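Biologist: I am new to this structure and would like to go through it slowly, one question at a time. Could we look at it together?

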Amino acid sequence: MASDLYNNPWPERGNVANNRENNEVLNQQPLTSHPKSPSSFVDPWRSSSRTPTATRTSISTEEDEYEHIESVNLTGADVWRTNFLTRRQIYRQGGTIDWQYEEAVERVRQQNLGSQRGLRKLVSSLLEGTRVWLVLCLTGAGVGIIGAFLDILVAWLSDLKTGRCKYGFFYNEVACCSGLDASEICGEWQTWSEFLGLHSIFLEGPLQWLVYVFCGVCFASTAGILVRSYAPYAFHTGIPEIKAILGGYVFDEFLTPWTLLIKSLGLALSVASGLSLGKEGPLVHVSCCLALLLSSLFPSLKQNEAQKRYVLAAAAAAGVSVAFGSPLGAVIFGLEELDLFSHKPVIWRAFVTCAIAAVSLQYIDPFGTSKLVLFQVHSKSLWRDFELIPWSFLAVAGGVLGSLLIKLNVRVAVYRQNSLLKEWPLLEVFVVSAVTAIISYPLVFLRVQSSSLVADLFAECDPNANPFGLCDPHSTLRNVFLLLLTASVKLLLTAWTFGIQVPAGIFLPSITIGATLGRAALNAPTMAIPLDIQHMSSRTWLKVYLPRFLFCCWSRRHVRRSHSDDRLAGFCFFVYVFLIEFTVSLVAILFELTGALSHVLPIMISVIISKFIGDALGITILVIRNDLTQPSTGKEGIYAAWIQLRGYPAFPNQEFRDAGQKAGSVMVPVDKLVCVGAHSTLRGLEDVVDSHSYYGFPVLNNGLLIGYVTRERLKSAIAPLLAETQNDSDSPCTFLAQSDGHRGADLSDIVDESPMHVRKEMPLELVTAMFQRMNLRSVMFTSPNGKLLGMLTKRDVIDFTNTGLGKYKGALATSRDD
């Protein structure tokens with residue numbers, strides 16, 4: 001079953017044969033019919049005239065629903081356009097939508113609504129204005145409730161691994177011990193050894209360890225079984241697929257109600273199991289599943305793929321809002337990362353949806369703090385200029401380690417695909433969860449939930465509360481060693497875990513790694529400083545431990561070391577390297593996530609440094625591979641890397657820059673295209689449709705471009721005609737309107753007579769920008785006299801723009817329908 005996951009055909013490649021190394025040169029000339037004499041056959045299809053006032057009834061088949069069309073006082077072009085736009089387009093799974101067609105259909109629908117009169121117009125306008133807002137408001141409230149429920153469920157399941165509450169089995173440790181100060185011992189919470197009455201030092205520890213491992217394995221295995229049995233697309237993060245879907249990729253199986261249910265339950269189980277993963281990314285997937293389920297209640301949203309994706313874009317931002325408690329950062333994330341936010345109404349819709357989601361989350365208050373801030377940072381003093389030095393070093397380390405983790409994760413994913421692990425995904429989940437639990441229990445920083453660990457690492461030193469002994473000056477060496485060990489183990493576990501068959505996000509592990517390294521960087525210098533002078537003023541400390549010339553630079557300011565600054569630096573620098581595309585939105589999310597608004601400039605500087613380091617490492621790798629001439633610069637983040645691994649039709653975020661090439665240098669020439677002639681036979685068209693699964697075919701008349709016809713429309717149009725002629729192989733047909741001297745079936749109304757076509761001398765960079773900004777499926781290249789010279793499809797452009805992974809590109813893509 002694993003081999004069937006993410007079956008990723010490329011119907012949009014139907015316009016061309018495979019890429020040059022895979023293509024079979026078809027060398028097929030346009031099909032031209034040789035009709036019999038006019039008296040040798042009966043022509044039941046062709047109208048005696050094609051008048052503008054004709055009333056035409058369209059064809060109805062199981063594959064494509066053609067509506068009845070009444071055209072009155074329309075020109076010939078209007079008749080064709082009306083007939084073309086009133087047909088519902090059917091897209092195959094794995095293809096891409098026709099944005100221009102969907103937008104044109106929506107315009108026609110709006111015009112029809114505007115032409116209504118009286119009470120019907122009033123009711124229609126009211127329903128039209130509320131349908132989208134109703135879906136988005138319900139989505140925002142729903143994902144907020146789901147997010148809060150997951151937080152509560154994860155907290156209870158996580159604490160269940162260590163013990164239970166005396167007076168209520170379904171209370172987690174925080175709820176069980178509510179009302180007590182941090183320094184007080186909670187007698188209501190029992191460990192499992194206490195519950196079973198085991199007080200022996202030789203039995204208590206092994207029992208707790210055994211229960212911890214057993215619960216972790218059970219939770220993770222249950223999540224894997226649910227995913228494999230009921231919703232095979234509910235594993236992983238879901239963000240790469242959502243980005244591809246919003247770009248036009250057809251993947252309805254990824255957003256089913258079963259996926260919504262299993263993703264939510266499986267996410268809680270996998271996070272509670274202790275695996276090195278988070279719940280932030282999958283909440284975006286959950287939000288989009290909920291939005292699609294609600295939008296299916298309205299036919300105008302369900303049947304229009306473009307409008308459906310505008311709703312999904314706002315829902316994706318709401319998922320980010322709930323994941324991080326960051327409504328403003330979620331909107332900026334959409335502006336920065338999702339191309340659909342260039343559609344202005346989407347911005348406002350996303351803003352409202354994110355606000356409703358955040359209000360729902362705060363109303364339920366799953367953290368018990370009455371705040372959206374997940375990791376509160378309290379700093380009693382402002383940051384000083386001197387502190388930019390450790391921030392910068394941490395940012396450099398984040399760029400290096402983050403780039404390393406992305407490459408490790410890519411190589412693990414490729415190894416998993418090419419090994420026996422591909423055939424035993426549940427066994428892998430079992431082994432990874434067992435190894436993670438066995439390793440994590442002895443390491444105190446890995447034993448607790450990542451969210452609790454990060455909260456403790458960000459907390460100020462309190463004399464009444466000293467979690468893990470972090471504030472004990474006599475345990476500095478031990479703490480630094482354990483923090484560095486925790487970060488190293490966490491990095492390796494994350495590189496392997498992100499990709500197994502359970503719902504998984506990567507943001508929370510990145511926060512944990514960054515926070516542990518930042519706290520280690522804070523404590524490390526104190527190991528060489530005697531305890532009796534650690535509390536000296538900064539001026540005295542600088543005199544003793546820094547050269548004289550450095551002291552002269554900083555002696556004018558009284559520099560105090562903030563206990564939260566370096567921890568926050570460690571947090572922000574390492575988060576960035578995983579979401580390397582999200583620069584501005586990352587900073588906004590950090591402000592809302594920590595409440596550290598006083599640290600605007602240091603966080604921005606850290607993000608800038610991390611980006612430069614990550615980009616430089618990507619370019620360096622391309623230089624080592626002697627591949628610097630590739631359009632991609634090796635700046636892929638973790639999600640862009642997985643998009644390339646899966647082979648999804650999504651453009652990179654970076655703008656394409658050519659090296660002076662023209663579009664003609666990469667176009668697929670006409671002799672490698674499958675074309676149909678303006679005058680053909682029904683049998684010849686049937687052979688083309690049956691022999692090739694391409695999305696569509698150019699229509700030529702003696703080499704001149706007439707238009708473009710999709711395969712599904714052509715198949716639906718010729719099927720009843722073949723039945724009427726009893727499969728007469730010589731029955732003629734034509735794609736030219738009012739064709740003089742040609743008798744046969746008139747198929748001109750299924751042809752798109754205005755496909756995008758340009759000259760082959762156009763710069764490649766400009767053609768690529770047209771695909772990215774206009775959401776084109778294909779571009780044809782013609783000579784000045786209209787002769788077809790070649791074609792480029794969206795797949796072709798993606799192939800030469802997404803090259804950052806080199807030989808690993810498409811390594812996880814399954815067989816495609818070419």
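Biologist: How many cavities of 30 Å³ or more does the structure hold?

Modeller: This is a predicted model, in which local features need pLDDT of at least 70 and side-chain atom pairs count only at pLDDT 80 or more, while totals for chains, interfaces and linings use all residues. Residues are numbered from 1 along each chain as its sequence is written, and side-chain values use heavy atoms, with hydrogens and water left out. On a 1 Å grid over the protein atoms alone, a cavity is a set of points where a 1.4 Å probe fits but cannot get out. Counted at 30 Å³ or more, the cavities in the structure number seven.

Biologist: Which helix gives the most to the lining of the second largest cavity?

Modeller: The second largest cavity has about 150 Å³ of space, a volume being the space filled by probe spheres set on grid points that are joined across faces, edges and corners. Its lining (residues with an atom within 4 Å of a point) has 19 residues, and the closest to the centre are Gly274, Leu275, Val448, Ser450 and Lys490. At least two lining residues come from each of α15 (425–440), α16 (444–447), α17 (450–458) and α18 (476–497), where helices are DSSP runs of H or I with at least four residues, numbered from the N terminus. With three residues, the helix that gives the most is α16.

Biologist: How do the residues of that lining of the second largest cavity divide into nonpolar, polar and charged?

Modeller: Ala, Val, Leu, Ile, Met, Phe, Trp, Tyr, Cys and Pro count as nonpolar, Asp, Glu, Lys and Arg as charged, and the others, Gly among them, as polar. On that basis the lining of the second largest cavity divides into ten nonpolar, six polar and three charged.

Biologist: Over which residues does the pLDDT stay under 50?

Modeller: For the protein, the mean pLDDT (the predictor's confidence in each residue, from 0 to 100) is 76, and 75% of the residues reach 70 or more. Where pLDDT is low, the predicted coordinates should not be read in detail. One such stretch, for which the model has 204 contacts (heavy atoms within 4.5 Å) beyond four places in sequence, is residues 1–82. Another stretch below 50, with 22 contacts beyond near neighbours in sequence, is residues 622–634.

Biologist: Which residues touch the most other members of the largest nonpolar core?

Modeller: A nonpolar core is a set of buried Ala, Val, Leu, Ile, Met, Phe, Trp, Tyr and Cys residues joined through side-chain atoms within 4.5 Å, and buried means under 20% relative accessible area, with exposed over 50% and partly exposed in between (1.4 Å probe, protein chains only). In the largest core, which has 143 residues, the members that touch the most others are Ile242, Leu255, Leu312 and Leu645. Helix α11 (residues 305–324) gives the most to this core, with 14 residues.

Biologist: With which residues is leucine 255 in contact, leaving aside its neighbours within four places in sequence?

Modeller: Leucine 255 is one of the residues that touch the most other members of the largest core. Once those neighbours are set aside, its contacts are Ile242, Ile245, His285, Cys288, Cys289, Leu292 and Leu312.

Biologist: Is isoleucine 239 buried or exposed?

Modeller: Isoleucine 239 lies in helix α7, and, leaving aside neighbours within four places in sequence, it is in contact with Gly281, Val284 and Tyr639. The C-alpha atoms of isoleucine 239 and valine 284 are separated by 6.8 Å, although the two are 45 residues apart along the chain. With a relative accessible area of 8%, isoleucine 239 is buried.

Biologist: What is the phi of histidine 236?

Modeller: Histidine 236 lies in the loop between α6 (201–230) and α7 (239–246), and it is buried, with a relative accessible area of 1%. Although histidine 236 is not a glycine, its phi is positive, at about 70 degrees.

Biologist: How far apart in space are glutamine 93 and aspartate 252, C-alpha to C-alpha?

Modeller: Glutamine 93 lies in the loop between α1 (76–85) and α2 (99–114) and is partly exposed, with a relative accessible area of 31%. Glutamine 93 and aspartate 252 are 159 residues apart in sequence, and their C-alpha to C-alpha distance in space is 7.2 Å.

Technical notes: On a 1 Å grid over the protein atoms alone, a cavity is a set of points where a 1.4 Å probe fits but cannot get out, and a pocket is an open set with protein on both sides within 12 Å along at least five of seven lines; lining residues have an atom within 4 Å of a point.
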